[in-house]
Amino acid sequence: TAKVLEKDQKDLNMISCHLGNGSSICAVKEGKSFDTTMGLTPLEGLVMGTRSGDLDPTVVTFLMNEYGYDTKKMDNVLNKESGVLGVSGVSSDFRDLENAANDGNKRADIALKMFANRAKRYVAGYMAEIGKTDAIVFTGGIGENSATMRADIMKGFEQFGIKIDPEKNSVRGGCHLISTDDSKVKVFVIATNEELMIARDTKKLV
C-alpha cells in the first residue's frame, strides 16, 4: 500500500481488512500495527466462517449450564461450529451463503449482514483511533473476491466522504483502487501473499 501511494511506510496510516474464512482487521499507524481485532487467540473480533468472534461472555456459561458442555466441547463450539456457519446453518463458505441469500434463505442473509456490520464497526473505530487515514485495504479470499461484501462494509461511510465506485469495485484480486476520485480516503483491493510472508519470516529466523 505504501508503494502504491508512493509514501514512506513510516508515514502510512491505514486499515487492513483481511477477510476470509478466518478474518481480522488491523489498524496500522505510522507504518506499524497499532490495533487488531484478534485477542489472545484469533477467536476474538470479527464473525468468521466457523469462529464466533465477539460475544457476550455469559453465552459461554449459559451454554455450558444449559447443555452440559465441558470446556473442550465449548472450545470446539466457539471455534468450529459458530460464525456464519452457526448463524446460517448452511455453510462457512461465503459463496454458498450469497447463493442461499439470493434464493431467499433468511438465516444466510442475516449471517452476511452480521459479518459486514461487525467489519464496519471495527473499520470506523480504527479510523477514530489512528486519526488521519490514508487508505482502507481489502485483502484475503473474501476481501479480494467479493464486490458485494466490500460494498456492504463500506456502505454508510459516504457521510464521512469515503465513497466506493461501483464500476471500479467489480474486480477480483490484483491491486486496484476502488474508491471514487473525490473520496477522502482511498480504498483498495490488494491481493495478499501469505506464503511469501511466511517464507520471509522463516528466512529471518534461520
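Colleague: Let's start with helix α5 and α6: how are they oriented to each other in this model?

Modeller: In this predicted model, helix α5 (residues 94–102) packs on α6 at an angle of about 125 degrees, and their axes are 8 Å apart. Angles of 65 to 115 degrees count as roughly perpendicular and those over 145 as roughly antiparallel, while the rest, apart from those under 35, are oblique. The angle of about 125 degrees therefore makes α5 and α6 oblique.

Colleague: Which residues make that contact, and how many of them are charged?

Modeller: From α5 come F94, L97, E98, A100 and A101, and from α6 come A108, D109, A111, L112 and F115. Sorted by class, eight are nonpolar and none is polar. The number of charged residues is two.

Colleague: And is the crossing of α5 and α6 left-handed or right-handed?

Modeller: Here we ask how α5 passes α6. The crossing is left-handed.

Colleague: Helix α6 also meets α8. At what angle do they pack?

Modeller: Helix α8 covers residues 147–154, and its axis lies 8 Å from that of α6. The pair counts as oblique, because the angle falls outside the ranges for roughly parallel, roughly perpendicular and roughly antiparallel. The angle itself is about 50 degrees.

Colleague: Which residues of α8 touch α6?

Modeller: On the α6 side, the contact uses L112, F115, A116, A119 and K120. Seven residues of this contact are nonpolar, none is polar and two are charged. On the α8 side, the residues are M149, D152, I153 and M154.

Colleague: What is the order of the strands in the sheet?

Modeller: Strands of a sheet pair through backbone hydrogen bonds, either parallel or antiparallel. In this chain, six strands form an open sheet with mixed pairing. The edge strands, each pairing on one side only, are β3 (32–36) and β5 (175–177). The twist from one strand to the next averages 25 degrees. Reading across the sheet, the order is β3-β2-β1-β4-β6-β5.

Colleague: Which residue is the bridge partner of C26 in β3?

Modeller: Strand β2 spans residues 24–29 and pairs with β3 in the antiparallel sense, over four bridges. The partner of C26 in β3 is T36.

Colleague: Which strands does α6 touch?

Modeller: Helix α6 (residues 106–130) packs on the sheet, and its direction makes about 10 degrees with that of β2. The strands α6 touches are β1 (14–18), β2, β3 and β4 (135–139).

Colleague: Let's turn to α2 and α3. Is their crossing left-handed or right-handed?

Modeller: Helix α2 (residues 58–67) packs with helix α3 (residues 71–80) at an angle of about 125 degrees, their axes 11 Å apart. That angle makes the two helices oblique, therefore. Where α2 passes α3, the crossing is right-handed.

Colleague: How many residues of the α2 and α3 contact are nonpolar?

Modeller: The contact is made by V60, L63 and M64 of α2, together with T71, M74 and L78 of α3. One of the residues in the contact is polar, and none is charged. The nonpolar ones number five.

Colleague: To finish, what is the radius of gyration of the whole chain?

Modeller: The chain has nine helices and six strands, and its C-alpha atoms fill a box of roughly 55 × 50 × 30 Å along the principal axes. With 206 residues, a compact globule would have a radius of gyration near 17 Å, and the value for the chain agrees with this. That value is 18 Å.

Key
Residues are numbered from 1 along each chain as its sequence is written. This is a predicted model: local features need pLDDT of at least 70, side-chain atom pairs count only at pLDDT 80 or more; totals for chains, interfaces and linings use all residues. Side-chain values use heavy atoms; hydrogens and water are left out. Two strands pair if DSSP finds at least two bridges between them. Axes are lines fitted to C-alpha atoms, for helices over the stretch in contact, and angles run from 0 to 180 degrees between N-to-C directions. Contact means heavy atoms within 4.5 Å. A crossing is left-handed if the near helix is turned anticlockwise from the far one by less than a right angle, and right-handed if clockwise. Ala, Val, Leu, Ile, Met, Phe, Trp, Tyr, Cys and Pro count as nonpolar, Asp, Glu, Lys and Arg as charged, and the others, Gly among them, as polar. The radius of gyration is taken over C-alpha atoms; the globule rule is 2.2 Å times the number of residues to the power 0.38.
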